[in-house]
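This report describes the strand pairing, the enclosed cavities and the overall make-up of one protein chain. The account begins with a pair of strands and then widens to the whole chain.

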Amino acid sequence: MPDRIGTRYVPSTQIVSFPHGTLHYGDDVFLTRKVLLYRKALRHNQLGVDYISSLQDKAAFIHDGFHHMLDTSIAQDAVTIILQAKSGSLFAHTMFKRKWTYAAVVAIISDLGVSLLDAMEDKITGFSVRPDNLWLTDQNKLSVINYWEVDEPQEQGAVGLCRLMIQLLTGSETISDTFEVMHTSLERASIPSATTEQKLALIRLIKFICHGQSSLSSLVFGLRSLPPSVPNNKSIIQDELIPEESTEVLQAAQYESHTRSNRSAKLIALGSVSALVIGIVSVWYLWPEPKVVQTVVIISPTPTSTPIATVSPSATPNAKLTSMNEGTEETEVPNLVGKTQADAEQLALAAGLHYNFVIETSTQAKGTVTKQEPKAGTKGLVGDNVTFWVSKGAQ
């Protein structure tokens, strides 16, 4: 791969220096478009062609939550990866220029978590979710910049997302605590935009994640199952102004949290409100429940398909494990592999879990569960999510 920096790709201002390289704004003069240029210095005796060859699988990954690779260039002492340019700016430069509300943080982190789950389907893991490796677009979405380098465990996946949440909610530039006890930073902080119930539920969820008791999918579903905001409480809303660009994300989060379990939580939270408000809420609660639609993702065997991880609520779990216990009572993920789809669904519900299933081509018998996430025996909370894959037989 020839060196095309300075001929086709022209670098300009440096954006940030990573542990592995530097990121610059740039121009593609051939196609008259803006790009990002990631320059990495080669180690002694390291060949640029070998480094670029190791990125082939990553280069094929295209997702809205990531800056996908457009091209590469090799010089004698460095390689440059040309990345898609997006509207917005580096998250580390803008994250504290606004006051983040509890609802906005939960929405933007759960959205990023879904992107990470999608990447896991293509075996892309290990990258950092630090603020200096994230880009905040004008649509208020976070996008990962470098997803091909493996970073420190406490900066990756579910633990990295928890650390990022704490930074946003506490306004801390860094979290010095080790990941096992970093929830204490949140315990000490005042969050005017969150109720006591919301704060305690989030701390419990972070504890489970940082103690290795829950997976990334459990974190995402747990965030979307947290106690909802109270729109009629003006003091909560007015303490922290929500920027206009976050409105779309908040509306999406509020829509996705409109489930039967959250309705019960709302009634409990409103128990001390006046009789008139209770009467109105009761009428709303007793209104016929819309039918829950199960999301099914069919993975095509064609090489161009991109599997999509779904995080949608399943049918209501076992009535004995009511929504009052969601996020507080422990449960264990059952073994679903080898079971029929119907049996797997019943086992998941009996354990108090919500579920998603993905249909894929497999040599196993049609209707058989081939794998699951999280694995059997994983400790979690009532209301967590489990995803399993169902064979549709060989094609």
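In this predicted model, strand S4 and strand S5 (residues 78-84) run antiparallel and are joined by 5 bridges. The connection between S4 and S5 is a hairpin of 3 residues. Within this pair, Ser73 has Thr80 of S5 opposite. Strand S4 spans residues 69-74, and 5 of its 6 residues are buried, so the strand is largely enclosed by the rest of the structure. Burial here refers to a relative accessible area under 20%.

A further set of strands forms an open sheet. Its 3 strands follow the order S6-S7-S8, with antiparallel pairing. Strand S6 (89-90) and strand S8 (142-144) are the edge strands, each pairing on one side only. Between S6 and strand S7 (residues 134-136) there are 2 bridges, again in the antiparallel sense. Leu90 has Trp135 in S7 as its bridge partner. As a general principle, strands of a sheet pair through backbone hydrogen bonds, either parallel or antiparallel.

The interior also contains enclosed space. Rolling a probe the size of a water molecule over the atoms shows where empty space is left. The structure holds 2 cavities of 30 Å³ or more, and the table sets out their volumes and the classes of their lining residues.

| Cavity | Volume | Lining by class |
|---|---|---|
| Largest | about 50 Å³ | 1 nonpolar, 4 polar and 3 charged residues |
| Second largest | about 30 Å³ | 3 nonpolar, 4 polar and 2 charged residues |

The lining of the largest cavity consists of Phe18, His20, Ser128, Arg130, Asn133, Asn146, Glu149 and Asp151. Phe18 is the nonpolar member of this lining, while Arg130, Glu149 and Asp151 are its charged residues.

Around the second largest cavity stand Ser218, Val333, Leu353, Pro374, Thr378, Lys379, Gly380, Asp384 and Asn385. In this lining, Val333, Leu353 and Pro374 are nonpolar, and Lys379 and Asp384 are charged.

The chain as a whole can now be summarised. The protein chain has 13 helices and 14 strands. Of its 395 residues, 49% are buried. Among contacts between residues at least 6 apart in sequence, 67% join residues at least 24 apart. The accessible surface of the protein chain comes to about 19,300 Å², and carbon and sulfur atoms account for 55% of that area.

Notes: Residues numbered from 1 in each chain as written. Predicted model: local features only at pLDDT ≥ 70, side-chain atom pairs only at ≥ 80, totals over all residues. Heavy atoms only, no water. Buried < 20%, exposed > 50% of the residue type's maximum accessible area, 1.4 Å probe, protein only. Helix = DSSP H or I, 4+ residues; strand = E, 2+ residues; numbered from the N terminus. Pairing = 2+ DSSP bridges. 1 Å grid on protein atoms, 1.4 Å probe; cavity = no way out; pocket = protein on both sides within 12 Å on 5 of 7 lines; lining within 4 Å. Points joined across faces, edges and corners; volume = space filled by probe spheres on them. Contact = heavy atoms within 4.5 Å. Areas by Shrake-Rupley, 256 points an atom, 1.4 Å probe, with all protein chains shown as cover.
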